[in-house]
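Me: I would like a close look at one part of this model, set in the context of its surroundings. Please keep the answer connected and give the cut-offs for the terms you use.

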Amino acid sequence: DSLGLASGPANVIMQLAWPEVGWGVRESRVDTGNVYKRPFKRARTTFQYLAVATIGTDEDKRLYREAVDRVHKLVHSTPQSRVKYSAMDPKLQMWVAACLYIGFEDVFEWLHGPMTEADRDAFYASAPTLGTTLQVRPEQWPATRAEFDDYWRDGLTRIRFDGPVAEHLVGITELKMLPQPANLLFGRVSKWMTTGFLHREFRDELGLPWNPRDQRRFEKFLAVTARLNGMLPESVRTLTYRLLIVELRWRMRTGRPLV
């Protein structure tokens, strides 16, 4: 559902919660992928990856993987880096993919209600392409939802936001990467919404304030938007993802770079 993209900034924060991933993005020398320098391109490539990984063909996945690999090979630590990292590291990519899966699961239940255990298992069975479309090896992906839960709990013990990474991420929540007056008009509500979508562990580690009143207001927001989403035909609800696939294939036909 296109409305699920509203939770995107929160999911980025979750992905960057491992220091190796956070510093990799913060220190990246690939300016074309820098959200503060190319915010609209960064948004397009991020959401297009999700579209490819979920509804793209095998050929779409292969070509997008190759394009992303060319960029990721340039993202690695230097002797001056605080932590050692590489964007080609399958272990780090597994964490990113796990965050994406949790995000999809959260969005599904927000917009369509709680899943049964059978539904959850079926939903999980479609998840590996969120990682295998990049560097995650099929055997890395936990075989069952229970094994994934163990992986997730272990991953939560590694989250840490160092000062420059935290500043980078809080700036995203406040839309500081966009030209004015976007930050002035929408920065406060964007930060509030992003904080609401975050799981408590990430919210607390990043130091974002949240109280019971915020939670009640956020739950009302979720209920209203879910009701509105349910009134739309599926062709409208999924339009953004399908348009991203159309745009991807236009880029393929015209020889334009995918990322």
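Is V165 buried or exposed, and what is its relative accessible area?

Reply: V165 is buried, with a relative accessible area of 2%; buried stands for under 20%, exposed for over 50% and partly exposed for what lies in between, with a 1.4 Å probe and protein chains only. This is a predicted model, in which local features need pLDDT of at least 70 and side-chain atom pairs count only at pLDDT 80 or more, while totals for chains, interfaces and linings use all residues. Residues are numbered from 1 along each chain as its sequence is written, and side-chain values use heavy atoms, with hydrogens and water left out.

V165 sits in helix α9, helices here being DSSP runs of H or I with at least four residues (strands are runs of E with at least two), numbered from the N terminus. Along the chain V165 is 140 residues from V25, yet their C-alpha atoms are separated by 8.5 Å. A pair with another spacing is P9 and Y64: these are 55 residues apart along the chain, and 22 Å separates their C-alpha atoms. P9 belongs to helix α1, residues 8-15, and is partly exposed at 25% relative accessibility.

The chain around V165 can be followed in both directions. On one side are R160 and D162, whose side chains form a salt bridge of 2.9 Å, N to O; the term requires a side-chain nitrogen of Lys or Arg within 4 Å of a carboxyl oxygen of Asp or Glu. The two partners fall in separate accessibility classes: R160 is partly exposed at 36%, and D162 is buried at 15%.

On the other side, α9 covers 163-173, and the loop between α9 and α10 contains P181. L175 is placed in that loop too. L175 has a positive phi of about 60° although it is not a glycine, and its relative accessible area of 15% makes L175 buried. The peptide bond between Q180 and P181 is cis, with omega about 10°. For background, most residues other than glycine have a negative phi, and most peptide bonds are trans.

After the loop comes helix α10, residues 182-197, which holds L184. L184 is exposed, with 68% relative accessibility. L184, L185, F186 and V189 make a nonpolar surface patch of about 440 Å². Patches consist of residues with over 30% relative accessible area and no salt bridge; nonpolar side chains (Val, Leu, Ile, Met, Phe, Trp, Tyr) are joined within 5 Å and like charges within 9 Å. The areas come from the Shrake-Rupley method with a 1.4 Å probe, and for residues only the protein chains shown count as cover.

Going back to α8 brings in another salt bridge. The side chains of R153 and D150 meet at 2.4 Å, N to O. Both residues are in helix α8 (residues 145-156), three residues apart, and therefore separated by about one helical turn. D150 is partly exposed at 47% relative accessibility. Helix α8 also crosses α5 (residues 90-112): their axes come within 11 Å at an angle of roughly 110°. Axes are lines fitted to C-alpha atoms, for helices over the stretch in contact, and angles run from 0 to 180 degrees between N-to-C directions. The two helices are therefore roughly perpendicular, a class that spans 65 to 115 degrees; angles under 35 count as roughly parallel, over 145 as roughly antiparallel, and the rest as oblique. The crossing of α5 and α8 is left-handed, as the term applies when the near helix is turned anticlockwise from the far one by less than a right angle, with clockwise giving right-handed. A network of salt bridges links E105, E109, E117, R120, R145 and D149.

The salt bridge count is 20. One of the pairs is D60 with R249, at 2.6 Å, N to O. D60 lies in helix α4 (residues 58-72) and R249 in helix α14 (residues 239-254), so this pair ties together parts 189 residues apart in sequence. D60 is buried at 3% relative accessible area, whereas R249 is partly exposed at 30%. The axes of α4 and α14 come within 12 Å and cross at roughly 65°. That makes α4 roughly perpendicular to α14, and their crossing is left-handed.
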